[in-house]
Amino acid sequence: MTKGESIFYCHEKAQKARMILLRFLCLFVAKDLSATIAGMQISEELRRRFAEAERVLVLTGAGISAESGVPTFRGGGNTAVWKGMRFDVISSAEMVERDLPAVWEWFDYRRNFMDSILPNPAHYEIARWQERFPDFTLVTQNVDGLHQKAGSRDVVELHGNVWRARCTVCGLGHDMSQSARPDACPSCGHELRPDVVLFGEMLPRGAFEFASSKAASCDLCFVIGTSALVYPAAGLPGIARAAGAYVCEVNPERTPLSDLCDEVITGKAGEVVPRIGAQ
Ligand code: BJW
């Protein structure tokens, strides 16, 4: 190789190196841009924790189903109403006592409405996470069954499910996902009520105890789409944090839990959640 050729070769090599560097830079910028789309920022710390986590707990609320078209309870300034009644009036234990047919009308309407509703990318991504982590627990406050529709198994339903009824006397549960609601309990003939947990009512036996034991032993905890106002569900991220877990909230708005979290990703679940897993 002559001196001239060698200089040219060096130039060519330098040019190649510059191109490689440029490509790397582009990749970095693209990655960074994708992480900050719509103002959302997924930190390197979260990416690392996500890659290394073994025990993961996810707590979801109504916000995760918002992009599927299910209205949240407290969105739009606390205005969720049914026939002029606030949801916490119609969805109350007192109303079950006072006017069970009215409660059924409200829940029949919601089942009918939810029948055609589909999971969104957040539900599907979370369903994939159950295969990704050795110990994965999904706890939901939602009663819409969309996590299961997306493929999630063993979902801990803290507040019940609109697709189930239970007897007001013997407590027998009745599945309504494949069949119409029976007029009375098939076992004892007494009145049925929606199998959901209303204010002041106890959560299903063992559900919170199981969820809180998983919170106390997880290393990564996600809080997605909940206003974190309703207890005991809203206490779970605190249990996880106190036990040393990294806690990440996904919500377009701040909540009373935001300050407790290690990371708050401001954005919609359907947009943010699939990006957390896509590394
Ligand atoms: C998005 C988004 C997008 C929008 N992406 N995000 C300790 C302290 C104080 C009070 C209590 C306490 N312990 C117990 C209580 C009493 C009570 C309670 O918590 N009251 C507070 C309200 C003050 N709790 C209870 O009564 C519970 N029972 C109980 O504790 O039993 C033991 C006991 C019995 C008796 C005496 C004492 C103890 C039962 C709670 C049952 C809640 N039931 C409901 C109704 C279910 C039936 C129905 O569907 O009609 O469950 S209420 C309603 O709120 C529903 C939800 O599951 C729950 C939580 O709401 P959630 O999911 O957070 O939704 P929203 O609408 O509030 O928020 C949506 C969020 O999404 C927002 O932040 C948005 O920004 C966000 N978002 N789009 C991501 N695209």
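**Figure 1. The ligand and the residues around it.** In this predicted model, the ligand is surrounded by 35 residues. R74, S91, G200, T226 and S227 are the closest of these. Sorted by class, the shell around the ligand comprises 18 nonpolar, 11 polar and six charged residues. The site of the ligand is the largest pocket.

**Figure 2. Polar contacts of the ligand with E67, Q141 and H159****.** On E67, a polar side-chain atom lies 2.8 Å from a nitrogen atom of the ligand. H159 also places a polar side-chain atom 2.8 Å from the ligand, here with an oxygen atom as the partner. For Q141 the atom involved is a polar backbone atom, 2.9 Å from an oxygen atom of the ligand. The ligand taken alone exposes 1,500 Å², and 76% of that is buried by the protein.

**Figure 3. The largest cavity and its lining****.** One cavity of 30 Å³ or more is present in the structure. The space in the largest cavity amounts to about 30 Å³. Its lining consists of R55, V56, L57, D135, T137, K214, S217 and C218. By class, these lining residues are three nonpolar, two polar and three charged.

**Figure 4. Strands at the largest cavity****.** Two strands, β1 (55-60) and β4 (135-140), each contribute at least two residues to the lining of the largest cavity. The greatest contribution to this lining comes from β1, which supplies three residues. Other lining residues shown include K214, S217 and C218.

Key
Residues are numbered from 1 along each chain as its sequence is written. This is a predicted model: local features need pLDDT of at least 70, side-chain atom pairs count only at pLDDT 80 or more; totals for chains, interfaces and linings use all residues. Side-chain values use heavy atoms; hydrogens and water are left out. A residue is near a molecule or strand if one of its heavy atoms lies within 4 Å of it. A polar contact is a pair of N or O atoms within 3.5 Å; within protein, one must be able to donate a hydrogen and the other to accept it, and residues adjacent in sequence count only if both atoms are side-chain atoms. Accessible areas come from the Shrake-Rupley method with a 1.4 Å probe; for residues, only the protein chains shown count as cover. On a 1 Å grid over the protein atoms alone, a cavity is a set of points where a 1.4 Å probe fits but cannot get out, and a pocket is an open set with protein on both sides within 12 Å along at least five of seven lines; lining residues have an atom within 4 Å of a point. A molecule sits in a cavity or pocket if more than half of its atoms lie within 2 Å of its grid points. Ala, Val, Leu, Ile, Met, Phe, Trp, Tyr, Cys and Pro count as nonpolar, Asp, Glu, Lys and Arg as charged, and the others, Gly among them, as polar. Grid points are joined across faces, edges and corners, and a volume is the space filled by probe spheres set on the points. Helices (H or I, at least four residues) and strands (E, at least two) are DSSP runs, numbered from the N terminus.
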